[in-house]
Amino acid sequence: MSITQERANSIIGQRMLRREDPALLTGEAKFTNDLVLPGALHLAVLRSPYAHARIKSINVSDALAMPGVVAVYTGKDLRDAWAAPMPCAWPVTPDMKNPAHFPLALDKVCYVGDGVVAVLANSETESRDALDAIDVVYEPLQAITDLEVALSDKTIIHEDLGTNKSYTWNLKVEATEGAVDEAFKNAAFTVRERYVQQRLIPMAMEPRAVAAVPQPFGGDITLYSATQVPHILKVMTAITLGIPEHQVRVVAPAVGGGFGSKLDVYAEELLCVALARKHGAPVRWVEERSENTQATIHGRGQIQFVELAADKDGKLTAVRVRLIGDMGAYLQLVTPGVPLLGAFLYAGVYDLPLAYDFSCTSVFTTMTPTDAYRGAGRPEATYAIEVAMDALARKMKVDPYELRKRNYIKKEQFPYTAFSGLTYDSGDHLAAAEKAMSHADYAAVRKKQATQNVAGARKRLGIGMTSYFEMCGLAPSRVLASLNYGAGGWESATVRVLPTSKVQVVTGTSPHGQGHETSWAMIASEKLGIPPEDIDVLHSDTAIAPLGLDTYGSRSLAVGGVAIAGACDKVIDKARLIAAHQLECAAEDLEFVQGTFSVKGSPDKAVPIAAIAFAAFTAHNLPDGVEPNLEAQYTHDPKNFSWPFGTHICILEIDTETGKIEVLKYIAVDDCGNQINPLIVEGQVHGGVVQGIAQALYEEAVYDSDGNLKTSNLAEYLVPAACDVPPITTDFTVTPSPTNQLGVKGVGEAGTIGSASTVMNAVLDALSGLGVTKLDMPASPNNVWKAIQAAQGGN
Amino acid sequence: MKVSITINGEAQSHEVEPRTLLVHYIREQAKLTGTNIGCDTSSCGACTVHLDGEAAKSCTILAAQADGGAVTTIEGLATNGEMHPMQKAFMENHGLQCGYCTPGMVMAAIGLLNENPKPTDEEVRLGLEGNLCRCTGYHNIVKSVLAAADK
C-alpha cells in the first residue's frame with residue numbers, strides 16, 4: 001500500500017471538531033472550584049505585604065474568634081508537617097544555591113505575596129474575612145527588584161546562602177581554544193546589544209484552585225488541583241509531606257489554561273493536603289486574581305547581553321551571550337532551568353561555526369518566583385538572536401531578510417549537528433520564509449514604506465520578521481540527565497481494546513485546552529482502524545493513568561502522542577498473533593489495513609480487529625503463550641528533541657505623535673511536521689502569537705522600588721482584548737520529523753517563540769529612520785513616544 | 001436577606017448576605033457552576049450572564065440588585081439538548097481551547113448580536129472588549145461570532 005492510498009482514508013490530518021467542546025460550551029465541565037465537596041473547610045492564606053521583612057510576631061487570637069473559623073496556623077505551627085522543603089527538580093549545577101522554602105514562611109518573608117498564615121473556616125467568605133483580623137508585626141528590610149543590584153550582594157536575601165547568586169551555568173563551544181575571541185577580533189561587523197525580557201504574568205483565565213479529600217480509612221488522600229502536572233505533583237506531594245506515594249491520588253479536573261503557570265508544585269496544594277489530613281475533612285482553596293498575580297509564578301525576567309560577529313558578507317562567525325536570570329525570591333519546580341532551555345538557541349536558525357560562548361548567572365530578588373512560561377527560555381533566546389540580526393542588518397545596510405538568507409542552515413544540511421552537539425532533525429527555513437514573504441507581499445510593502453516613511457510623516461510603517469527554531473518534545477531522558485534535570489522525559493500510553501471493540505486510550509499527558517482527547521483518539525483510530533467515536537481517552541487522574549510526565553514544553557504530541565502510536569503497534573502485534581492462529585497462517589503473511597487482518601494475496605481470508613478483541617477477551621482459543629485481553633502499554637523516550645521552525649512577519653504602523661502602534665498584518669508560517677488536526681494546530685498558533693504580541697506591546701509585571709507589584713490585577717496588567725490584536729494569517733510548510741513514527745514535532749509554544757521579536761523588529765524598522773534603534777518591551781505608546789523624543793533630542 | 005431571581009426560566013428564592021454578588025449567588029445558591037470567575041476587578045468577563053435579556057458581568061451586580069429579575073446562564077442556552085447557534089458556532093470554528101472564558105464569551109457574543117445582528121470583524125472585536133481569553137488569540141472567537149451572525 002502506498003502512502004497516498006493510506007492518506008486518502010486517513011483520519012490524521014482531518015479538521016475534526018473537538019469532543020471536549022460540548023461540556024465546556026454548556027457549562028457542564030467541572031473545574032476544580034466547581035466540585036461539590038460536602039463538609040469541606042476553606043483555606044485562605046494571609047500574604048506578606050512586604051517584599052522583604054523579618055516576622056517579629058504573629059497574633060491570631062482575634063482571627064480564631066471570627067465566625068466560622070476552625071483553625072489558624074502560622075509557618076512555625078506547621079513546620080513539622082513538612083518532611084522536605086518545597087521541591088526544585090532542576091539543580092542545574094552541583095553548587096547551585098537553593099534556599100529552603102516552606103509553604104508558609106518561618107522567620108522571614110521574601111516577596112509581596114509570600115504566605116504567612118493559613119486560616120481554615122467553614123466558608124470561603126469566612127476564611128477571607130478572618131485574614132483581616134490577624135496581626136503580624138514585621139521588621140521591613142531592603143527590597144531588591146533590580147537584577148544588577150541583586151548581583152552586587154549589598155543586601156543578601158537569604159543570609160544563610162551568603163550571596164544572592166544562585167548559579168552560573170556556561171556553554172562554551174569552540175573549534176579551537178580562543179575561537180570566539182578570535183572571531184570577534186577578525187569580524188568585519190559586530191553588534192553588542194542589551195535586551196530586557198520583562199517579567200510577565202502568565203494569567204491563565206482560571207486562577208488556581210485546590211481541594212484535598214482524605215479517605216475516611218487508611219490514610220489515602222485525593223488531591224484535586226488546577227494543575228498541568230498531576231503525576232509530578234503526586235510524587236512531590238508524597239516526598240514533601242512524607243506520605244507513601246501509593247496513598248496519594250492526584251486528579252486534574254477541567255483545567256482552565258496553564259501556559260507553564262500550572263507546571264509547578266505550590267504551597268497551597270501542600271497546605272490543603274496537610275490540613276485535610278490533620279482535620280480529617282476535605283480542605284479547599286481558590287485563588288483570587290489579585291492573589292494569582294503574586295502567588296503564582298511569573299515568567300521571563302532576564303537581562304541579555306548579546307554579541308554577534310560576522311564576516312564582510314554578514315555570515316555569522318561567533319555568538320557571545322551573557323544572561324542575568326531573575327529567579328525571584330525562591331526556586332520553584334524548574335525555575336533555574338528556564339534560561340538553560342534557551343541556552344542552545346542563541347544562534348537561532350543559522351549555520352554557526354564552532355564559536356559559541358553562553359553564560360547565565362541567576363540571582364534571587366524579592367519578587368514572586370519565576371518559572372516556565374509559554375516557551376520558557378526559547379522565546380527569550382529567539383528574541384535576542386532575531387533582534388540582534390536586525391541590528392546587524394542595519395549596521396551592514398542590508399535587508400534583514402537578505403542577511404538571514406545568507407545565514408540559514410540549508411535544507412540539504414539536515415539532519416544538522418549544531419555547535420551544541422544537538423541534532424536538528426529536519427527543516428527548510430527558506431521555504432517557510434519564502435511562503436511568509438509571499439503572504440506579506442514583501443517587495444511591495446518595502447516600496448510602500450519608502451514612500452510613506454519620509455521626514456515629518458506622522459505615521460511610519462514598519463516590517464519585522466523572525467525565523468525561529470523551537471526546541472521541543474521535552475525530552476530525551478539522557479539529555480535531561482546531562483542537564484541535571486531531576487526526572488526523565490518519556491511519556492506513557494496504554495491502549496486497551498475492550499471486548500466489544502471499543503477502545504480506551506490512557507495517556508500520561510494532562511491537557512488544559514490543547515484538545516488531547518480529540519487528537520489522541522485520531523491517532524489511535526488511524527492506527528487501529530476503529531472509528532474515533534469508539535475511542536475514549538483517559539487522562540489526568542493518577543489512579544486511572546498512573547504513569548506519566550504531563551503536559552508542558554510542547555511535548556504532549558511529540559512524546560505522548562507517539563507513545564500512543566507505539567502502544568497501538570504493540571496491540572496490533574498481539575492481535576496479529578491471534579489473527580494468524582484463527583486464519584491458520586503465519587503472522588508475517590498477514591497485512592493489517594483499516595482494522596482488518598487479511599492474508600496477503602487472499603483478501604477473502606480476513607478477520608476484523610473487533611473479532612480479535614472478543615476472542616482475546618473470551619480466551620477460548622488463543623495461540624500458546626498469548627495472554628488474554630488486547631491491551632498494551634508503551635513508554636516513549638524520544639531519541640532527540642524535535643525542531644519545529646518557521647518564519648513570522650509583522651507589518652505595523654506607528655503614530656509618532658502618540659506612540660500608538662497598530663498591527664496591520666501578522667503572518668505566521670510554521671512547520672510543526674505532520675499535523676494530526678490542523679484545526680487545533682492553527683488555534684495553538686493563534687494563541688501563541690497573541691501571547692508574544694502581548695509581551696512586545698502590552699504586558700509587564702511592574703514593581704516599585706519597595707517591591708510592591710503595581711500590576712497586581714487584570715485592570716492594571718494589560719492582557720490584550722480582541723480589539724487590541726490583529727487577525728492572524730496562518731500558513732504552514734510540512735517537513736516531517738524523521739525521529740518519530742508520526743513525523744510530528746509539536747506546536748504549543750511556536751507562536752509565542754516567534755512573535756515578540758517579530759513585532760519588535762517591525763517597531764524598530766519603523767522608527768530607525770528617526771534614530772530609534774533600541775527599545776525595551778513593552779512598546780507601549782508611552783515608551784515609544786519617549787524613545788522618539790529622546791532620539792529627536794527632545795526631553 | 002431574601003432574594004428571588006428567575007434563573008434559566010426557573011423561579012428561585014434564597015437567603016443571602018446583602019454583600020453577595022450575583023455571580024456568587026448563581027454559583028453557590030443556584031448551584032450553577034458554568035458561570036466562571038476569572039478576576040476581582042470586573043475586567044475579564046468570564047462571569048457574563050444575561051440579566052433581563054442583556055449581557056452583564058455578574059460580578060458587577062449584587063444579587064439584591066437582581067431581585068425580581070430574570071437571569072440566563074450558559075446552562076440555560078441549549079434547548080431540548082440542542083446547543084444554541086452561538087455555542088455551535090464556537091464548536092465549529094474552534095472558538096475555545098481551555099473553555100474557562102467560554103461561557104462568558106458566548107453570553108457576551110449573544111448579547112452583541114442582539115444589539116448588532118450583522119457586525120463587522122472590527123465591531124466584533126470592539127464588542128467583546130470586556131471579555132478576556134488567554135488561549136485563542138481571539139482569531140477563532142471572532143470567526144465564531146461572525147459565523148453565528150450569518151445563520
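Me: Before we start, when does a residue count as buried, and what share of chain A is buried?
Reply: A residue is buried if 20 or more other C-beta atoms lie within 10 Å of its own. This is a predicted model, so that count is run on predicted positions. Of the 795 residues in chain A, the share that passes is 58%.

Me: And how much of chain B is buried?
Reply: Chain B has 151 residues. Going by the cut-off of 20 or more C-beta atoms within 10 Å, the buried share of chain B comes out at 58%.

Me: What radius of gyration does chain A have, and why would that fit a compact globule?
Reply: Picture the C-alpha atoms of chain A in a box of roughly 90 × 75 × 55 Å along the principal axes. A compact globule with 795 residues would come in near 28 Å. Chain A agrees with that, because its own radius of gyration is 28 Å.

Me: What about chain B, what is its radius of gyration?
Reply: The C-alpha trace of chain B spans about 45 × 35 × 25 Å along its principal axes. For 151 residues, the compact-globule figure is near 15 Å. Chain B agrees with it, at 15 Å.

Me: In what order do the helices and strands of chain B come?
Reply: Chain B has five helices and five strands to place. Start at the N terminus and read along the chain. The order is β-β-α-β-β-β-α-α-α-α.

Me: How many helices and strands does chain A have, and what share of its contacts with a separation of 6 or more joins residues 24 or more positions apart?
Reply: Chain A holds 21 helices and 28 strands. Take the contacts in chain A with a separation of 6 or more, and pick out those between residues 24 or more positions apart. For chain B that kind of count gives 58%, and for chain A it gives 80%.

Me: Which helix gives the most to the largest nonpolar core?
Reply: That core has 308 residues, and those with the most contacts inside it include Ala524(A) and Ile564(A). The top contributor is in chain A, spans residues 556–583 and gives 14 residues. That's helix H17.

Me: Which residues is Ala524(A) in contact with, leaving aside its neighbours within four places in sequence?
Reply: Ala524(A) is one of the residues with the most contacts inside the largest core. Once the neighbours within four places are set aside, its partners are Val495(A), Val503(A), Val505(A), Ile535(A), Ile564(A) and Cys568(A).

Me: Where do the buried residues of H12(A) sit, seen down its axis?
Reply: Helix H12 of chain A covers residues 400–407, and its buried residues are Pro400(A), Tyr401(A), Leu403(A), Arg404(A) and Asn407(A). An α-helix has 3.6 residues a turn, so residues three or four places apart point the same way. Among the elements covering the buried residues of H12(A) are strand S14, helix H11 and helix H13 of chain A. The buried residues of H12(A) fall within an arc of 160°, so they line one face of the helix.

Me: Which helix gives the most to the side of chain A that touches chain B?
Reply: The contact takes 41 residues from chain A and 45 from chain B. Helices H2 (21–26), H9 (289–295) and H19 (678–697) of chain A each supply at least two residues of the chain A side. By class, that side divides into 24 nonpolar, 11 polar and six charged residues. The helix that gives the most, with seven residues, is H19(A).

Me: How do domain 1 and domain 3 of chain A meet, and which element supplies the largest share on the domain 1 side?
Reply: Domain 1 (3–28 + 490–636) and domain 3 (434–470 + 641–795) of chain A have centres 40 Å apart. Contact involves 18 residues of domain 1 and 17 of domain 3. On the domain 1 side, H16 (516–528) and H17 of chain A each supply at least two residues. The largest share, five residues, comes from H17(A).

Me: How many charged residues are on the side of domain 1 of chain B that touches domain 2 of chain B?
Reply: In chain B, domain 1 (2–76) and domain 2 (85–149) touch through 16 and 11 residues respectively. Strands S3 (48–51) and S4 (54–57) of chain B each supply at least two residues of the domain 1 side. That side has six nonpolar and eight polar residues, and the charged ones number two.

Technical notes
Residues are numbered from 1 along each chain as its sequence is written. Chains are lettered from A and ligands numbered from 1 in the order in which they are written. This is a predicted model: local features need pLDDT of at least 70, side-chain atom pairs count only at pLDDT 80 or more; totals for chains, interfaces and linings use all residues. Helices (H or I, at least four residues) and strands (E, at least two) are DSSP runs, numbered from the N terminus. The radius of gyration is taken over C-alpha atoms; the globule rule is 2.2 Å times the number of residues to the power 0.38. A residue is buried if 20 or more other C-beta atoms lie within 10 Å of its own, exposed if 12 or fewer, and partly exposed in between; C-beta atoms are placed from the backbone. Two residues are in contact if their C-beta atoms, placed from the backbone, lie within 7 Å. A nonpolar core is a set of buried Ala, Val, Leu, Ile, Met, Phe, Trp, Tyr and Cys residues joined through C-beta atoms within 7 Å. Ala, Val, Leu, Ile, Met, Phe, Trp, Tyr, Cys and Pro count as nonpolar, Asp, Glu, Lys and Arg as charged, and the others, Gly among them, as polar. Domain bounds come from an automatic or database domain assignment. The arc is that of the directions from the helix axis to the C-beta atoms.
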